[in-house]
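Good morning, colleagues. Please bring the model up on your screens, and I shall begin with a question about its cysteines.

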Amino acid sequence: MKRLFSGNEAVARGAFEAGVQVAAAYPGTPSTEILENIAQYPQIYAEWSVNEKVAFEVAYGAAVAGKRALAAMKHVGVNVASDALMTAAYAGVNAGMVLVSADDPGMHSSQNEQDNRYFARFAQIPMLEPSSSAEAKAFAKLAFEISEAFDTPIMLRMTTRICHGRGVVELEEPQPVRTRPYVKDPQKYVMMPANARVRRTVLLERMRRLAEYSETTPLNRVEEGDAEIGIITAGVSYTYAREVFPNASFLKLGMTNPLPMRKIAEFISRHRQVYVIEELEPFMEEQIKAAGLNVRGTDLQSTAGELSPDVLRRRFFGTVPKKAAGNDLPARPPVMCAGCPHRAVFSVLRKHRAVVSSDIGCYTLGALQPLNAIDSVLCMGASIGMAQGYARVLEPDRPVVAVLGDSTFIHAGIPALVNAVYNRVKMTVVILDNRITAMTGHQENPASGKTLQGEQVPVFDFEAVARAVGAAYVRTVDPIETEALERAIGEAIACDGVSVIIASRPCALVDRHQYTGVMMIDKDTCSECRLCLRIGCPAMSLRDGSVVINPDLCFGCSLCSQICPKESIHRTRVNVEG
């Protein structure tokens, strides 16, 4: 049977067909749908872990215990998991263990476009790169075979276009679930120095055998064409290059770590000019040139941004593709959702002229106009840590505030909060608790009180954690009640120590009926001061020079009415559509 699958759905299907028993992930675009689809197979235990390192460790522990396991994450998540990954490569596995890294060339929803192929080389683990949904499923299955054959974790590297693009996938029957016996083996799994030194030698010998495998595996294949032009490529770049150079010869690499250097040299020797076409960094080109082989690549291609057939045509032939009709529409900047409870927090912080260190999440949009309330965003968990640096340098009367979401606080914020208390920093932490992991599409987390499968579990207690680590001031407030919010933040900023505000209100898109009615402007009393526009609500706009509220977008949060100096904004009808 054939089905039309996205790459992420195909990886999930491949894991199911390979007999995977345990899967763990932390949500992050473009990888999120892998676990959401694996969770559809009741034969597999699947969980949202609190961060990527824990997800990797859960999967790795299952693999060591004897069940095939998978961990999935976006590219920056591998940074978090890398501590466990680097040593797991030394120890090896028992049953197969696959790490899916979903890279984001072009930064469609990421803070950088790091090329995680270097992580596979750094950790000295094999890596497969599919070029289509069909290959995503096939490679996911094969990855478990390679992992077990060579006793190693293995990386399956996806990119955004493979994750979200769709293609035909042939479904197959799942393999029988196999459990390898667990045998206590401290010399293999206890990485104290004496054992790790031995495993280092094992690691190097394993990579030598993998290099031989890379030379012979059908994953790396030659597609003969014109002898004048040869192209070495992998992943989604293969499909782009195929379209732009239909008559060229191709060395299509499905296994890109380790590279098959003898096969590459032989391919180069049979073609007059060979190009390496790859997205982001010159990962393959650098290794090929280091081997003394003559290829061209980065002299024709930028290492910044996402590839496409049009980008290749422009770089290789200088042609500029014609714009399709409609491409001249004005750009619309991203804004926080109508009814978002986080908006009120940023309005208050701006009044205090606070230096605001933010984390990664949908609330990061508070950095944009008109809110313009955020000074820095670095990575998951960095808001509280960076704020401590601000507090050590800026003038003592300048408020320093860290803002981060509920899931993010649990992900990586807790150790930084402990550090702030331990080192007696004067600063405020605002946890934007909307009871869901909103940015990646509303995944459950410990603060939502539900598991991936919707099972009810105890709700994470932010107040109890903040008090337990020693925060001097802890308050939970409803951010839509702006007077109480302003009072709490004012007290928190005045506190001589670490203060924690939990701004708690469900995401407007999760609970669409939490407000009664929508807001409307009384034009008889409105002075058109336009102060209400400064909250940046997309339901409010100017029409013929006058502020109006779109009732189809308004959730009725009432923030606009609370800041209106003329009290001209009122709630109208009772029921909210949607």
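Is cysteine 564 buried or exposed? Cysteine 564 is buried, with a relative accessible area of 15%; buried denotes under 20% relative accessible area, exposed over 50%, and partly exposed the range in between, using a 1.4 Å probe and protein chains only.

Before I continue, the sources. This is a predicted model, in which local features need pLDDT of at least 70 and side-chain atom pairs count only at pLDDT 80 or more, while totals for chains, interfaces and linings use all residues. Residues are numbered from 1 along each chain as its sequence is written, and side-chain values use heavy atoms, with hydrogens and water left out.

Cysteine 560 likewise counts as buried, at 6% relative accessibility. Why is cysteine 560 not bonded to cysteine 557? The two sulfurs lie 6.1 Å apart, which is too far for a bond. The structure holds 0 disulfides, a disulfide being a pair of cysteine sulfur atoms within 2.5 Å. For cysteine 564, the nearest cysteine sulfur is that of cysteine 529, 6.1 Å away.

I turn to the interior. The largest nonpolar core has 71 residues, and Phe346, Ile384 and Met427 are among those with the most contacts inside it. Such a core is a set of buried Ala, Val, Leu, Ile, Met, Phe, Trp, Tyr and Cys residues joined through side-chain atoms within 4.5 Å. Apart from this core lies another, of 57 residues, including Ile38 and Phe144. Isoleucine 384 touches, beyond four places in sequence, residues including Leu404, Phe409 and Val429; contact means heavy atoms within 4.5 Å.
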